[in-house]
Amino acid sequence: IAAQVIPMDPPLADGGRLVILLSDRTRERALERMRADFVANASHELRTPLASLIGFIETLRGPAEDDPAARQRFLGIMAEQSERMRRLIDDLLGLSRIEMTEHQPPVGEADLAAVAQAEAAALEPLYRGRDMRLDLALAPAVAAPADAEQLAQVVRNLLENAVRYGREGGQVRIETGPGGRQAGRAGVTLTVSDDGPGIPREHIPRLTERFYRVDTGRSRRVGGTGLGLAIVKHIVNRHRGQLVIESEEGQGARFKVWLPAAPAR
Ligand code: ADP
């Protein structure tokens with residue numbers, strides 16, 4: 001609690017000379033801590049590939065100068081680390097842009113099936129690379145008041161995760177359709193599911209926190225930034241929707257996005 005004492009001169013009408021203001025700063029403090037943690041985490045995430053780049057530059061200048069095979073290998077690693085930094089910066093900027101628009105309702109309308117279809121086509125090389133099958137069950141004409149680009153990002157992030165963390169040679173499914181009513185509003189849903197190892201129950205409530213990962217080493221190896229689901233959550237919040245994550249260990253994972261439906265014409 002913060003206490004502030006304000007001496008009153010001239011005295012108040014009832015003769016009082018002091019005003020004491022008490023305010024509960026718990027929430028403010030929690031927000032400050034979250035912000036500080038975020039900056040510390042982001043700096044750490046950027047520092048790791050940067051340290052690796054600096055190390056390899058030194059090696060290339062010194063011991064590896066006359067070793068063409070080593071030079072090629074090191075340049076390959078440096079390209080990967082630079083790419084990792086680029087992805088991280090893109091996601092950090094994306095997140096801050098989404099946060100800035102979070103209180104503005106989306107403009108326009110998007111058809112979930114059309115967005116899902118386009119993203120599925122764009123990510124084909126990714127799921128083919130892991131020998132996975134993509135199953136599309138898209139009910140036509142399910143529209144939501146939505147920013148089409150942000151909705152595409154939701155599908156992209158969920159689909160990328162299903163491919164990265166799903167089972168090699170397994171199956172990923174995207175479904176769109178009418179959703180149930182929530183708080184009296186008709187909705188539409190988009191579900192991305194996989195048949196991979198799933199997510200241990202205790203991690204599920206924290207998955208949308210920034211930089212939260214079940215297995216940090218695995219996330220980094222597959223090119224994750226730890227921000228994908230935080231971005232999804234912010235976009236869904238902006239659209240006044242809901243994200244439900246369901247998983248049983250060994251039984252795959254299911255990410256279901258519910259959005260308010262566009263008014264019927
Ligand atoms: P990342 O960049 O690490 O993938 P995300 O925010 O997208 O970050 O996801 C957070 C974590 O949630 C991942 O590191 C992974 O541990 C877990 N996760 C996300 N999607 C799945 C999935 N389909 N199956 C299993 N685990 C998943």
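Begin by selecting Leu 112, Leu 151, Val 154, Val 155, Leu 190, Val 257 and Leu 259, the residues that line the second largest cavity. The model on display is a predicted one. The volume of this second largest cavity is about 30 Å³. Its lining comprises seven nonpolar residues, with no polar and no charged ones. Colour H5 and E9, since each supplies at least two residues of this lining. H5 gives the most, with three residues.

**The nonpolar core**

Keep Leu 112 selected and add Leu 158 and Val 192: these are the residues with the most contacts inside the largest nonpolar core, which has 47 residues. To display the elements that give two or more residues to this core, select the helices H2 (68-101), H3 (112-122), H5 (148-165) and H7 (228-238), together with the strands E6 (171-182), E7 (185-194), E8 (242-247) and E9 (253-260). The largest share of the core, eight residues, comes from H5.

Centre the view next on Leu 158. Leaving aside residues up to four places away in sequence, Leu 158 touches Val 192, Leu 229, Val 232, Phe 255 and Val 257. Elsewhere, a second, separate core of eight residues can be located by selecting Phe 56, Leu 60, Ala 70 and Met 78, which are among its members. As a general background to both selections, nonpolar side chains tend to be buried together in soluble globular proteins.

**Helix H7**

Select H7 now. How many of the residues of H7 are buried? The helix is mostly covered, with nine of its 11 residues buried. The buried residues of H7 are Gly 228, Leu 229, Ala 230, Ile 231, Val 232, His 234, Ile 235, Val 236 and Arg 238. Show H2, H5, E8 and E9 around them, as these elements are included in what covers the buried residues of H7. Then move just past the end of H7 to Arg 240, which takes a positive phi of about 55°.

**His 203 in its loop**

The next stop is the loop between E7 and helix H6 (216-221), where His 203 has its place. Is His 203 buried or exposed? The relative accessible area of His 203 is 16%, and residues under 20% count as buried, so His 203 is buried. Add Tyr 212 and Val 214 to the selection: His 203 touches both, not counting residues up to four places away in sequence.

**The largest cavity**

A search of the whole structure finds two cavities of 30 Å³ or more. The tour opened at the second largest of them, with its volume of about 30 Å³; the largest has a volume of about 50 Å³. To outline the largest cavity, select Glu 45, Pro 49, Arg 84, Met 85, Leu 88, Arg 213, Gly 224 and Thr 225. Helix H1 (26-61) and H2 are the elements that give two or more residues to this lining. H2 provides the largest share, three residues. Colouring by class shows three nonpolar, two polar and three charged residues around the largest cavity, whereas the lining of the second largest cavity has seven nonpolar residues and no polar or charged ones.

**The largest pocket**

Turn from the cavities to the pockets. The largest pocket holds about 810 Å³ of space. Which residues lie nearest the centre of the largest pocket? Select Asn 161, Arg 164, Tyr 165, Ser 219 and Gly 224, which lie nearest the centre among the 36 residues of the lining. Gly 224 has already appeared in the lining of the largest cavity. H2, H5, H6, H7 and E9 each supply at least two residues of the lining of the largest pocket, and H5 gives the most, with nine. By class, the lining of this pocket divides into 13 nonpolar, 11 polar and 12 charged residues.

**The second largest pocket**

The last stop is the second largest pocket, with a volume of about 630 Å³. Select Met 34, Arg 35, Asp 37, Phe 38 and Arg 210, the closest to its centre of the 20 residues that line this pocket. H1 and H7 are the elements that give two or more residues to the lining. Which element gives the largest share of the lining of the second largest pocket? H1 does, with nine residues. Coloured by class, the lining of the second largest pocket shows seven nonpolar, five polar and eight charged residues.

Methods:
Residues are numbered from 1 along each chain as its sequence is written. This is a predicted model: local features need pLDDT of at least 70, side-chain atom pairs count only at pLDDT 80 or more; totals for chains, interfaces and linings use all residues. Side-chain values use heavy atoms; hydrogens and water are left out. A nonpolar core is a set of buried Ala, Val, Leu, Ile, Met, Phe, Trp, Tyr and Cys residues joined through side-chain atoms within 4.5 Å. Buried means under 20% relative accessible area, exposed over 50%, partly exposed in between (1.4 Å probe, protein chains only). Helices (H or I, at least four residues) and strands (E, at least two) are DSSP runs, numbered from the N terminus. Contact means heavy atoms within 4.5 Å. On a 1 Å grid over the protein atoms alone, a cavity is a set of points where a 1.4 Å probe fits but cannot get out, and a pocket is an open set with protein on both sides within 12 Å along at least five of seven lines; lining residues have an atom within 4 Å of a point. Grid points are joined across faces, edges and corners, and a volume is the space filled by probe spheres set on the points. Ala, Val, Leu, Ile, Met, Phe, Trp, Tyr, Cys and Pro count as nonpolar, Asp, Glu, Lys and Arg as charged, and the others, Gly among them, as polar.
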